[in-house]
Structures are given as structure tokens and as C-alpha cells.
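Work through the exercises below with the sequence and coordinates open. Try each task before reading its solution.

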Amino acid sequence: MKQYKVGVIGATGMVGQRFVTLMEHHPWFNLTVVAASGRSAGKTYEEAIGDRWAMDTPMPEEAKKLVVMNAQEDVDKIAAMVDFVFCAVDMKKDEILALEENYARHECPVVSNNSANRWTPDVPMVVPEINADHIRVIEAQRRRLGTTRGFIAVKSNCSIQSYVPALHPLKEAFGLKRVLACTYQAISGAGKTFKTWPEMVDNLIPYIGGEEEKSEKEPLKVWGKLENGVIVTADSPAITSQCLRVPVSNGHTAAVFVDFEHKPTEEEIKALWASYKGRAQELDLPTAPKQFIHYFEEPDRPQAKLDRELEGGMAISVGRLRPDTQYDYKFVCLSHNTLRGAAGGGVLLAELLCAEGYIEPRA
């Protein structure tokens with residue numbers, strides 16, 4: 001099995017911490033570099049984190065003594081030390097665009113958790129079970145950047161990871177006309193815990209900046225097609241969304257209402273969910289869930305506390321499928337936002353890129 005040296009850019013933030021934990025015991029990936037802002041550079045990772053470790057599991061021993069590098073000033077050094085990087089920085093959009101392209105131009109592949117490059121036409125935004133073929137646009141991106149190894153690939157917004165996977169096999173089989181998705185999103189999606197955001201205890205906020213636009217538009221890029229070196233977004237279905245922040249630590253839930261071009265039966269829908277496999281399952285990637293979509297017959301499932309960790313937090317949970325008075329059907333979905341929706345989804349994307357030969361160990 002090939003081994004890859006990995007860097008985490010933005011390693012001190014919540015998503016960066018999750019990337020660090022996911023490198024522990026990974027069969028392919030070996031954490032080699034952690035990088036962050038100049039405030040943390042020069043300290044050991046343990047010193048830089050201090051009392052801000054937000055994960056439920058202890059900090060991996062191999063990460064504690066790594067000396068944090070400067071994410072912006074040490075690009076040359078970092079690119080020479082790793083086979084690729086995960087990027088999860090907290091910076092302005094234009095700064096992220098410049099930073100990720102700088103790494104790519106230094107022949108370092110970038111697997112990004114950030115939103116900045118999601119709408120760059122030749123940057124693939126990939127859910128490996130849905131649109132793995134979009135990674136072929138990397139060839140055109142490399143021509144634009146003038147690179148042989150370097151490129152940028154991104155994962156989608158965490159909110160759409162809950163409901164788009166459940167819609168995808170139905171879209172393929174029956175066509176989708178319109179979708180209404182109301183999301184109920186955990187505080188970790190904002191990089192917070194109840195300790196750092198006590199205002200969220202016994203509270204609900206009916207607004208998440210920019211989230212509804214992402215939830216309505218990003219699925220159309222995921223469902224788009226590769227044409228002439230760019231991803232052309234799909235023009236349907238029509239999607240509208242409402243996104244709420246709720247007092248849950250981890251796990252994004254979505255209430256979904258859908259109209260089909262060719263209305264299926266409930267049995268046909270459940271059968272598709274049970275049988276669906278994507279490229280990640282075909283390749284048997286280490287992080288991929290064996291069963292991508294799990295349907296619960298119980299009327300009170302899925303529940304964030306009970307079901308978010310299903311298959312290592314990488315599976316999609318669905319329940320409460322039933323006819324609706326305004327739409328053909330409605331149902332409820334759940335995904336683990338910092339695993340499937342964030343760092344775990346990034347790791348799975350990196351595994352896909354390695355398995356398909358877009359990332360190779362340096363000689």
C-alpha cells in the first residue's frame with residue numbers, strides 16, 4: 001500500500017484538529033506537517049493548541065511535538081515536505097484563493113475544506129459517492145496553473161452532505177423537479193462548542209450567514225457536467241432552503257420535501273437507498289462507509305445523538321419517508337457535519353484522488 005506524507009494547513013482550528021485526529025492510524029496517510037498563522041508558528045502543536053483542543057478524543061501523540069509552521073510564509077518548505085495538504089484555514093476569501101493557488105503552483109495538491117474555490121470552474125467540488133468523475137477536470141486545471149502535480153480540489157458545504165446524497169439516486173432514476181430543504185445545523189459547523197458558545201444552550205438561531213445560498217446552489221455544481229475543461233452546473237432541480245442553527249454539538253439534520261418528474265413508490269425509493277453504491281464503495285476506500293445510505297423505519301429516527309456516528313460518522317441516515325400534501329414525498333436526513341460534512345469528507349476525497357492516481361507520493 002502506498003504511503004503519503006500529509007500536511008494540515010489551518011491545523012489549530014476545529015476542522016484542522018479533526019483532520020489531525022483522522023490522520024492517527026490512517027492506513028495510507030502520515031501526518032508530517034501542521035501549519036497555522038504566524039501567532040502559532042514556532043510552537044509545538046500541543047503548545048499552540050493550549051486549552052483549545054475541541055475534539056472528544058485525546059490529541060494524537062505523533063502530533064503533539066510537531067512544530068507548527070507558518071501557513072503563508074513557509075509554502076516552499078511545506079510543499080517540499082509533503083505529498084499533499086488538507087486546507088482548513090480561517091481567512092478572507094481572497095486570501096484563501098491566493099494561498100491555495102500558491103500551494104498548487106508549488107506542485108503541492110490541495111484538498112480544501114474552504115468555500116473560496118468551490119465556484120472556480122475548473123476546481124472539482126466532489127462528494128465521492130456522487131460525482132467522482134468530476135476529478136477529471138484537474139487535467140484542465142493543471143494546464144491553467146502550469147503544474148504537473150499541483151491542483152486544488154474541494155469538498156462541498158457541510159449542509160448539503162445531509163440531504164443531497166439521499167436525493168442523488170432518486171434523481172438518477174426518477175428525475176427531480178423541485179426540492180425544499182430545511183436544515184438544522186450543529187454548533188460545531190460554526191467551529192464552536194457549548195463551552196465557547198454558551199449562548200446556544202437552550203437556544204435556536206434562524207440564520208446562518210451565506211448558508212442558504214450555498215445549500216441552494218452547490219448541489220447544482222455537484223450534479224453538473226464536465227465540458228471543455230470546466231464544470232457546467234446543472235439547471236435543475238429548483239432548490240429552496242432554510243438553514244437554522246440548533247443546540248446540537250455535532251450532526252446536521254435536514255427536513256426534505258421533493259417533487260419528481262416520474263413519481264416512484266415508497267418501496268422503490270427505499271430499495272434505491274439500500275442498494276446505492278458510489279465510486280468510494282467500488283474502490284473500497286478506507287474511510288468510505290460500507291452502506292452509504294441507511295434507512296430507519298422507526299418514526300423517531302434518525303436522531304443526532306444516536307445516529308451521527310454511524311459507520312465512523314461517514315454514513316447518511318434517513319427516515320420518516322411519507323407522502324406530503326404539497327410535494328410528492330418528504331423525509332428526514334442526518335449526517336455528521338465535522339466527519340462526513342467536513343474533515344472526514346476531505347479525507348475521503350483525498351483517498352479517491354490517491355486511488356485514481358491524481359496524487360502520487362513524491363519520488
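**Exercise 1.** Is Trp119 buried, partly exposed or exposed?

*Solution.* The model is predicted. Start with the relative accessible area of Trp119, which is 42%. Buried requires under 20%, and exposed requires over 50%. Trp119 is therefore partly exposed.

Next, place the residue. Trp119 sits in the loop that links strand 5 (110–112) to helix 6 (138–145). Then list its contacts, skipping neighbours within four places in sequence. Lys217, Glu218, Lys221 and Thr233 remain for Trp119. Finally, take a distance check against Lys5. The two residues, Trp119 and Lys5, are 114 residues apart in sequence, and their C-alpha atoms are 28 Å apart in space.

**Exercise 2.** Classify Thr120 by burial, then find its contacts.

*Solution.* Thr120 also belongs to the loop between strand 5 and helix 6. Its relative accessible area is 17%. The cut-off for buried is under 20%, so Thr120 is buried.

Now look at the side chain. Thr120 and Asn117 are joined through their side chains by a polar contact of 2.6 Å. Beyond four places in sequence, Thr120 is in contact with Leu97, Arg144 and Lys221. Lys221 is also in the contact list of Trp119.

**Exercise 3.** Which residues cover the two faces of strand 4 (residues 84–87), and how does the strand pair?

*Solution.* Begin with a general rule. In a regular strand, side chains alternate between the two faces of the sheet. Apply it here: Phe84 and Phe86 lie on one side, Val85 and Cys87 on the other. All four are buried, and both faces of strand 4 are covered.

Now the partners. Strand 1 (residues 4–9) runs parallel to strand 4, with 4 bridges between them. Within this pairing, Val8 is opposite Phe86. Strand 5 also pairs with strand 4 in the parallel sense, over 3 bridges. There, Val85 has Val110 as its bridge partner. The connection from strand 4 to strand 5 passes through helix 5 (residues 93–105), a right-handed β-α-β crossover.

**Exercise 4.** Test the length of helix 13 (residues 343–355), then judge its burial.

*Solution.* Helix 13 has 13 residues. The expected span is 1.5 Å times one less than that number, which gives 18 Å. The end C-alpha atoms of helix 13 are 18 Å apart, so the two values agree.

For burial, 12 of the 13 residues are buried, so helix 13 is largely enclosed by the rest of the structure. Among them are Gly344, Leu348, Glu351 and Cys354. Just past helix 13, Gly357 adopts a positive phi of about 85°.

Technical notes: Residues numbered from 1 in each chain as written. Predicted model: local features only at pLDDT ≥ 70, side-chain atom pairs only at ≥ 80, totals over all residues. Heavy atoms only, no water. Buried < 20%, exposed > 50% of the residue type's maximum accessible area, 1.4 Å probe, protein only. Contact = heavy atoms within 4.5 Å. Pairing = 2+ DSSP bridges. Right-handed = clockwise from strand over helix to strand, strands pointing away. Polar contact = N/O pair within 3.5 Å; in protein donor to acceptor, adjacent residues only side chain to side chain.
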